[in-house]
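The following note sets out points for a colleague to check against the coordinates. Please read it with the structure open.

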Amino acid sequence: MPLVPMRLVLDHAAANNYGVAALNVNNMEQIQAIMEAARETDSPVIIQASRGARSYAQENYLRHLMIAASELYPEIPVVMHQDHGNCPSTCYSAIRNGFTSVMMDGSLLEDAKSPAPYDYNVKVTREVVQVAHALNVSVEGEVGCLGTVGQHKEEAPKAASTVPHDLDLEQEPEPEMAHLTDPDEAESFVKETQVDALAVAIGTSHGAYKFTAQPTGEVLKMALIEEIHRRLPNTHLVMHGSSSVPQDLQDIINKNGGKIKQTWGVPVEEIQRGIKHGVRKINVDTDNRLAMTAAIREVFMKSPDKFDPRDYLKPAREAMKKICLARMVQFGQAGNASKMRAAKLF
Ligand SMILES: [Zn+2]
């Protein structure tokens, strides 16, 4: 049974000191890219879909694509995760559709925009944990809100801005204050909800426009991760908004008619530092979006005579696979699918 609960993969990651990329999907090519990278690197994988992705792909298509992945790659343990569930019913419909893990993001109200009171967060998350655990489904919660860190002008490089969860890149980011995770709150939240994984706000934001200059460990508040991990050594920490936004992809896009403003992401070395301190799930979406778009723009620019969708979707899929493959190696999940199989974990 290759679709497995997230807890299984993250427990193995914790026991063996590695991190796992959680990669967003909307369509078949993206799932194929991830699965091919997983096979080549022998990696367990977390595939995640936002509410937007579920509505774009439609539940039945998505469910059958995931079943296809598990049939075609029986050697790979695959987690199917709901990214940023905005209320319990979103999580329950994901579970009904075969997801093996859900995020109940009660750090925001149901509108997925307004910061929620702590008590509300505990209430909705605890409810989802009780239902999900009874069905062998894992739960991720969040304490604190992702967004801007640099509130003082001189504190450059500062985070660029924040956007509502479950965003679309076409939307202009709305400036909003971040609310970094408070370690005391994190500790009591995990105790009260029993979540399997906890998303922490340490200065990253969603989307491509994260930082206005190369961020340092100080800007990213990596010390906060270390502190939370010290207090919660058995909770799997999650870094959201952790694309690295590679310069070469920005350049390819802009050289081929695109207009991406210069931006910086989260350096892979900082993520690797996080992995040493309890980070087990790392959300990466923007890098794959950039890779696919760069590949498609290149085809359109170099071969304007092409019109078969395969002529540009194949290179796009290949470009995304390359990013996935690189992250799987960098985060240390490579080589662990066979170890999990040997340990008869799935
Ligand atoms: Zn997120």
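1. Asn-17 comes after helix H1 and has a positive phi, near 55°. Helices (H or I, at least four residues) and strands (E, at least two) are DSSP runs numbered from the N terminus. The model is a predicted one, in which local features need pLDDT of at least 70, side-chain atom pairs count only at pLDDT 80 or more, and totals for chains, interfaces and linings use all residues. Residue numbers start from 1 along each chain as its sequence is written.

2. Within H1 (residues 6-15), the buried residues are Met-6, Leu-8, Val-9, Leu-10, His-12 and Ala-13. A residue is called buried if 20 or more other C-beta atoms lie within 10 Å of its own, exposed if 12 or fewer, and partly exposed in between, with C-beta atoms placed from the backbone.

3. Strands S1-S2-S3-S4-S5-S6-S7-S8 form a closed barrel of eight strands with parallel pairing. From one strand to the next, the twist averages 25°. Two strands pair if DSSP finds at least two bridges between them. Axes are lines fitted to C-alpha atoms, for helices over the stretch in contact, and angles run from 0 to 180 degrees between N-to-C directions.

4. Strand S3 is largely enclosed by the rest of the structure, because eight of its eight residues are buried. Strand S2 (residues 45-49) pairs with S3 in the parallel sense over five bridges, and Gln-48 stands opposite His-81 in S3. S3 and S4 run parallel and are joined by three bridges; Gly-85 has Met-104 of S4 as its bridge partner.

5. His-84, in strand S3 (residues 78-85), deserves a check of its backbone. Its phi is near 50°, a positive value in a residue other than glycine. His-84 is buried, since 26 other C-beta atoms lie within 10 Å. Most residues other than glycine have a negative phi.

6. Lys-221 should be inspected in the same review. This residue has a positive phi of about 50° although it is not a glycine. Lys-221 is located in the loop between strand S6 (197-200) and H8, and it counts as buried because it has 20 C-beta neighbours inside 10 Å.

7. Further round the barrel, strand S4 (residues 101-104) and strand S5 (residues 138-143) run parallel and are joined by three bridges. Val-102 has Val-139 of S5 as its bridge partner. S6 and S7 also pair in the parallel sense, over three bridges, with Leu-198 partnered by Leu-237 in S7. S7 is covered on both faces: His-236 and Val-238 are buried on one side, and Leu-237 and Met-239 on the other.

8. Which residues have the most contacts inside the largest nonpolar core? They are Ile-34, Ile-47, Val-102, Leu-198 and Val-200, in a core of 95 residues. Helix H12 (residues 309-331) supplies the largest share of this core, seven residues. A nonpolar core is a set of buried Ala, Val, Leu, Ile, Met, Phe, Trp, Tyr and Cys residues joined through C-beta atoms within 7 Å. In soluble globular proteins, nonpolar side chains tend to be buried together.

9. Leaving aside neighbours within four places in sequence, Leu-198 is in contact with Gly-141, Val-143, Ala-186, Val-190, Thr-235, Leu-237 and Val-238. Contact requires that the C-beta atoms of two residues, placed from the backbone, lie within 7 Å.

10. The axes of helix H7 (residues 183-193) and helix H8 (residues 222-231) come within 10 Å and cross at roughly 35°. Pro-183, Ala-186 and Glu-187 of H7 make the contact with Glu-227, Ile-228 and Arg-231 of H8.

11. Val-245 is situated in the loop between strand S7 (236-239) and helix H9 (247-255). Val-245 is buried, as 21 other C-beta atoms lie within 10 Å. Beyond its neighbours within four places in sequence, its contacts include Ala-208, Lys-210, Trp-264 and Leu-290. The C-alpha atoms of Val-245 and Tyr-92 are separated by 33 Å, with these positions 153 residues apart along the chain.

12. Glu-36 belongs to helix H2 (residues 28-41). With 18 other C-beta atoms within 10 Å, Glu-36 is partly exposed. Its C-alpha atom is separated by 8.6 Å from that of Leu-325, although the two are 289 residues apart along the chain.
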